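Colleague: I would be grateful for a close look at a single part of this model, the surroundings of one buried serine, and at what lies around that part.

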Amino acid sequence: LDDFLLPYVSPGGVVAEIGSGGGRIASRVVPLCGTFHCLDISREMLKKAREAISKAGLDKETTVHYTPIDNNLLPEPLADSLDFVYAFDTFPHCDTHTIFSYLKEMKRVLKKDGRALVHTSNILAPRGFARFAQQKGASVQGFCFTSPDVVRFLAAQAGFAVEKESDTSVDNIYYQRDYLCILRHAE
């Protein structure tokens, strides 16, 4: 979070999380921005995120919206409105078609100078392949595997350029198992 998420959140900024779940990451980000959008396919998880954020009093200074999403589509009113959008611990559980759909949506909702954090599995990373070898097949409960080359290609097809990427040599479970990148609008 310290390298790929928190530096891109600013006071007064408009931020969205795809796959907010129970609010684990959102609870760290909400106090740092002006407006936050929790987006999830599960209404039950959005309810849990609302409870966690409200219980901690994090929604007193920041406007927080809880919006269910369907069919890999982000809310239409968010078009060109976000400073930062991220999917952390979400895309490792999504197939390539779903990731590509969300990449196109992320581009649509970002301001021209906005940034996106994408976090996927990485079958080429040491711990990524180890997890792949242990898993019997792709699943939402497990991982759906991809690689940085595939993600870079999909990002370019969605109109993004990669600004920053994780390094598998760094001693960090996420870097040694997954792929993280910061995207910006391609020139």
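Modeller: In this predicted model, Ser-20 touches Cys-38, Leu-39 and Asp-40, leaving aside residues up to four places away in sequence. Ser-20 itself sits in the loop between E1 and helix H1 (26-29). Its relative accessibility is 4%, so Ser-20 counts as buried, the cut-off being under 20%.

Asp-40, one of the residues that Ser-20 touches, leads on to the largest pocket. That pocket holds about 430 Å³ of space. It is lined by 23 residues, of which Gly-19, Asp-40, Ile-41, Asp-89 and Thr-90 are the closest to its centre. Two elements, E1 and H3, each give two or more residues to this lining. Sorted by class, the lining of the largest pocket comprises nine nonpolar, ten polar and four charged residues.

Helix H3 deserves a description of its own. It covers residues 96-109, 14 residues in total, and spans 20 Å from its first C-alpha to its last, close to the 20 Å expected at 1.5 Å a residue. At the start of H3, a side-chain oxygen of Asp-95 comes to within 3.0 Å of the backbone nitrogen of His-97. The buried residues in H3 are Thr-98, Ile-99, Tyr-102, Leu-103, Glu-105, Met-106 and Val-109. An α-helix has 3.6 residues a turn, so residues three or four places apart point the same way. The cover over the buried residues of H3 includes strands E1 (14-18), E4 (82-87), E5 (110-121), E6 (160-165) and E7 (178-185), together with helix H5 (148-157). Strand E1 thus appears both in this cover and in the pocket lining.

Key:
Residues numbered from 1 in each chain as written. Predicted model: local features only at pLDDT ≥ 70, side-chain atom pairs only at ≥ 80, totals over all residues. Heavy atoms only, no water. Helix = DSSP H or I, 4+ residues; strand = E, 2+ residues; numbered from the N terminus. Expected span 1.5 Å × (residues − 1). Buried < 20%, exposed > 50% of the residue type's maximum accessible area, 1.4 Å probe, protein only. Contact = heavy atoms within 4.5 Å. Polar contact = N/O pair within 3.5 Å; in protein donor to acceptor, adjacent residues only side chain to side chain. 1 Å grid on protein atoms, 1.4 Å probe; cavity = no way out; pocket = protein on both sides within 12 Å on 5 of 7 lines; lining within 4 Å. Points joined across faces, edges and corners; volume = space filled by probe spheres on them. Nonpolar A, V, L, I, M, F, W, Y, C, P; charged D, E, K, R; others polar.
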